[in-house]
Amino acid sequence: MRHVAIIGSGPAGYYTAEAAQKQWGDDVRVDIFDMLPVPYGLIRTGVAPDHQSIKGVSRRYETTAQLDNVRFVGNVMIGEDVTVAELQGLYDAVVLATGAPNDRPAGIPGEGLGNVFGSAAFVGWYNGHPQFAKLNPDLSGKHAVVIGNGNVALDVARILTKTAGEFTGSDIVGHALHALAKSHVEQVTILGRRGPHQIAMTPKELGELGHLERACPRVDPADLPEEGEDLFLEPGQRKSVTHLRSFAAIPEAFRADKPVEIAFDFFASPKAILGEGQVSGVEVERTALDSNGRASGTGETYVVPASLVITCIGYKSSPIPGVPFEESAGRFANAEGRILPGLYCVGWARRGPSGTIGTNRPDGFSVVERIAEDIGAGTGKHGRAGFDKLAEERKLDVVTFRDWKKIEEAEAARARDGAPREKFVDVAEMIRARGE
Ligand SMILES: Cc1cc2nc3c(=O)[nH]c(=O)nc-3n(C[C@H](O)[C@H](O)[C@H](O)COP(=O)(O)OP(=O)(O)OC[C@H]3O[C@@H](n4cnc5c(N)ncnc54)[C@H](O)[C@@H]3O)c2cc1C
């Protein structure tokens, strides 16, 4: 028998469990730990609440979760409740699938000012992550600045500008829906250091900005390269740039009906966040690209007014004491998923924050191949029986998958009309919803 502990119940954790099941069938026991009482990582707390079809991928993880030899062990924080070393003593393989939950700092002055947030915090707020439920962003000002040119920046800009009606069918949490309905934001500026050809935004997400009820995107035609140059882009990127071209061509008459603007400010490198106590603007330096597409400052600076700033410039994993960490890349130091004997990593904890949900699947399968090479038929450890004893000694309040199903039912039961669920945003509430 092989005993595998997976830390983290996001996509990478569940794909790894699926791979272990495929590899060993009944000859493996998998325990998937999560610090939250609820599973699925960023599928629940990252993916946008108005993108329910993407969140539907969790049904696949549920199939894995309900296998007899796979167990969800929620509400257990590895590194605090139990150490990695203790798990290594109990399981043949310990796989860190802890994601990359921390915002990368922009590294510019003023990041500590009021109403400046990283996207992990802001997205966590509207998606009901217990850590960020009380963020309470001030939406009483007119100008929001979103820093970054990836899909998370698009999510944030879209969520900031949708009407309450446009959230029908979403699972945006009540506190965010309520605050956004009263928002005064009428200008969202998306800052990108480079140009339209260098964006990391996908066509579907960009296209959505063209169909918002009261918001309209704006692109300065002067920022767009010659149209012929689009031919050298790969097809997905070309489609994205085509959306930008269509935004640049929107007639002023059409804009008159749209009180909110989402403006793309390309070749714009943020230098400082300005304000006293509270943010009031972002100082930006105009950039130019060299022949390799690298941006450098031109010396020309200007200020974009901002009452709210959200940085969407990437994430870092949380280091765990005793586990080698690559600080510059913000992930665990590993060779093809191997960290140390018996210790592995997968998903964003292995690669850093890149790729789509599906990218984590081959990662999970590949790490299980490495584990299979390393542990053979198992190393005679106690596995889950050993963990259960430890949990009892420490009086850990473990949340099982069956408990989660009760929490899920309770969330569905209290959903507002048309919404799939109203999430609990507090760990104690989740535990209460599980019942006795
Ligand atoms: C805002 C946002 C929107 C996104 N939207 C999309 C999208 O629309 N489509 C798409 O394809 N991809 C999207 N992604 C990317 C996708 O979410 C990731 O590829 C994927 O979630 C990474 O999976 P993971 O399992 O490595 O990490 P995560 O999903 O972050 O899961 C990590 C899990 O580990 C748990 N954990 C962390 N530390 C501990 C610990 N010490 N002890 C116990 N548990 C712990 C966490 O609670 C969490 O459940 C988005 C990402 C973000 C940030």
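**A short tour: a sheet, a helix and some salt bridges**

Hello everyone. Let's begin with helix α10, residues 235–248, which lies across β9 and β10 and runs at about 100° to β9. Before going further, please keep in mind that this is a predicted model.

Those two strands belong to a sheet, so let's look at that next. β9 and strand β10, residues 260–265, pair in the parallel sense over 5 bridges. If you want to find the register on your screen, look for Ala 215, whose bridge partner in β10 is Val 260.

Now zoom out. In what order do the strands of the open sheet come? The order is β6-β14-β7-β8-β10-β9, 6 strands with parallel pairing. The edge strands are β6 (116–118) and β9 (215–219), and each of them pairs on one side only. From one strand to the next, the twist averages 20°.

Let's move inward to strand β7, residues 143–147. Of its 5 residues, 4 are buried, so to speak mostly covered. β7 runs parallel to strand β8 (residues 187–191), and 5 bridges join the two. Here His 143 stands opposite Gln 187 in β8. β7 is also joined to strand β14, residues 308–311, by 4 bridges, again in parallel. In that pairing, Ala 144 faces Leu 308 of β14. Another helix meets this sheet too: α7, residues 151–161, lies across β7, β8, β9, β10 and β14, at about 175° to β8.

Next stop, helix α13, residues 360–375. With 16 residues at 1.5 Å a residue, α13 should span 22 Å, and its end C-alpha atoms are indeed 22 Å apart. Which residues of α13 are buried? They are Asn 360, Asp 363, Gly 364, Val 367, Val 368, Arg 370, Ile 371 and Ile 375. These cover an arc of only 160° around the axis, which puts them on the same side of α13. What do they pack against? Their partners are β1 (2–7), α1 (11–24), β4 (93–96), β18 (338–340), β19 (343–345) and α12 (348–351). On the face turned away from the buried side, you'll find the exposed residues Pro 362 and Glu 373. And just after α13, Gly 376 takes a positive phi of about 55°.

Stay with Glu 373 for a moment, and let's talk about salt bridges. Across the whole structure, a search finds 37 of them. One is between the side chains of Glu 373 and Arg 338, at 2.8 Å from N to O. Glu 373 sits in helix α13 and Arg 338 in strand β18, so this pair ties together parts that are 35 residues apart in sequence. Glu 373 counts as exposed at 51% relative accessibility, while Arg 338 is partly exposed at 27%.

A second pair is Arg 434 with Asp 397, at 3.0 Å from N to O. This one links distant parts of the chain, 37 residues apart: Arg 434 is in helix α16 (residues 427–434), and Asp 397 is in the loop between α14 (384–393) and α15 (401–413). Arg 434 counts as buried, with 13% relative accessibility, and Asp 397 is partly exposed at 37%.

For a local example, Glu 408 and Lys 405 meet at 2.5 Å, N to O. They are 3 residues apart in helix α15, so about one helical turn separates them.

Finally, there is a network of salt bridges linking Asp 50, Asp 155, Arg 158, Lys 162, Lys 204, Glu 205 and Glu 208. Thanks for listening!

Note on methods. Residues numbered from 1 in each chain as written. Predicted model: local features only at pLDDT ≥ 70, side-chain atom pairs only at ≥ 80, totals over all residues. Heavy atoms only, no water. Expected span 1.5 Å × (residues − 1). Buried < 20%, exposed > 50% of the residue type's maximum accessible area, 1.4 Å probe, protein only. Arc of directions from axis to C-beta. Contact = heavy atoms within 4.5 Å. Pairing = 2+ DSSP bridges. Axes fitted to C-alpha atoms, helices over the stretch in contact; angles between N-to-C directions. Salt bridge = Lys/Arg side-chain N within 4 Å of Asp/Glu carboxyl O.
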